[in-house]
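Q: Could you take me through one part of this structure in some detail? I would like to look closely at the nonpolar core and at what surrounds it.

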Amino acid sequence: MAHLVALRESDERTDLVTEDAGTHDLTSASERDPRAAVAVLAAAAHAVDRLHAAGWAHGALCAEHMVVSDEGAVTLCSLGSATRCSARPSAVGE
């Protein structure tokens, strides 16, 4: 998830300032060599899994909401639609 650096409030709006996590998003994964692309996709799945394990659902997940660093690390951003959820997803058929 994005790391919060500052919270700036005024009468009309609230700005969340986050740490720079990279210059690309998940849409650029196909521009990498196939092994690197697979690693980025795995990192994206891991980031979503960590969010769910913390008891949250993103709510509006798309490729542009996954910032990718030059090293292939994925940071989730744009959590405006995030909602609390069960930390343990129910199994299919339960």
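A: Happily; here is a walk through the core, starting with the overall chain and ending with the cysteines.

Please keep in mind that this is a predicted model. The mean pLDDT of the protein chain is 79, with 82% of its residues reaching 70 or more. Among the chain's elements, helix H1 has the highest mean pLDDT, 89, and strand E2 (residues 14-18) the lowest, 71. Where pLDDT is low, the predicted coordinates should not be read in detail.

The protein chain contains 1 helix and 7 strands, arranged along the sequence as β-β-β-α-β-β-β-β. It has 94 residues, of which 22% count as buried. Taking contacts between residues at least 6 apart in sequence, 54% join residues at least 24 apart.

Now to the core itself. The largest nonpolar core has 11 residues: Leu-26, Ala-29, Val-40, Ala-44, Ala-47, Val-48, Leu-51, Met-66, Val-68, Val-74 and Leu-76. Three elements each supply at least two of them, namely helix H1 (34-53), strand E5 (66-68) and strand E6 (74-76). The largest share, 5 residues, comes from H1. As for how these elements are placed, H1 lies across E5 and E6 and runs at about 35 degrees to E6.

Leu-26 is a good residue to zoom in on. Setting aside neighbours within four places in sequence, Leu-26 is in contact with Val-40, Leu-41, Ala-44, Ala-63, Met-66 and Val-68. Of these partners, Val-40, Ala-44, Met-66 and Val-68 are also listed in the core.

Next comes the sheet. Strands E3, E5 and E6 form an open sheet of 3 strands in the order E3-E5-E6, with antiparallel pairing. Strand E3 (24-25) and E6 are the edge strands, each pairing on one side only. E3 and E5 run antiparallel and are joined by 2 bridges; His-24 has Val-68 of E5 as its bridge partner. Val-68 therefore turns up in several roles: as a core member, as a contact of Leu-26 and as the bridge partner of His-24.

Finally, the cysteines. The structure holds 0 disulfides. The sulfur of Cys-62 has its closest cysteine sulfur in Cys-77, 8.4 Å away, which is too far for a bond, because a disulfide needs the two sulfur atoms within 2.5 Å. Looking from the other side, the closest cysteine sulfur to that of Cys-77 is the one in Cys-62. Cys-62 is also partly exposed, with a relative accessible area of 30%, so it does not count as buried, which would require under 20%.

Key: Residues are numbered from 1 along each chain as its sequence is written. This is a predicted model: local features need pLDDT of at least 70, side-chain atom pairs count only at pLDDT 80 or more; totals for chains, interfaces and linings use all residues. Side-chain values use heavy atoms; hydrogens and water are left out. Buried means under 20% relative accessible area, exposed over 50%, partly exposed in between (1.4 Å probe, protein chains only). A nonpolar core is a set of buried Ala, Val, Leu, Ile, Met, Phe, Trp, Tyr and Cys residues joined through side-chain atoms within 4.5 Å. Helices (H or I, at least four residues) and strands (E, at least two) are DSSP runs, numbered from the N terminus. Contact means heavy atoms within 4.5 Å. Two strands pair if DSSP finds at least two bridges between them. Axes are lines fitted to C-alpha atoms, for helices over the stretch in contact, and angles run from 0 to 180 degrees between N-to-C directions. pLDDT is the predictor's confidence in each residue, from 0 to 100.
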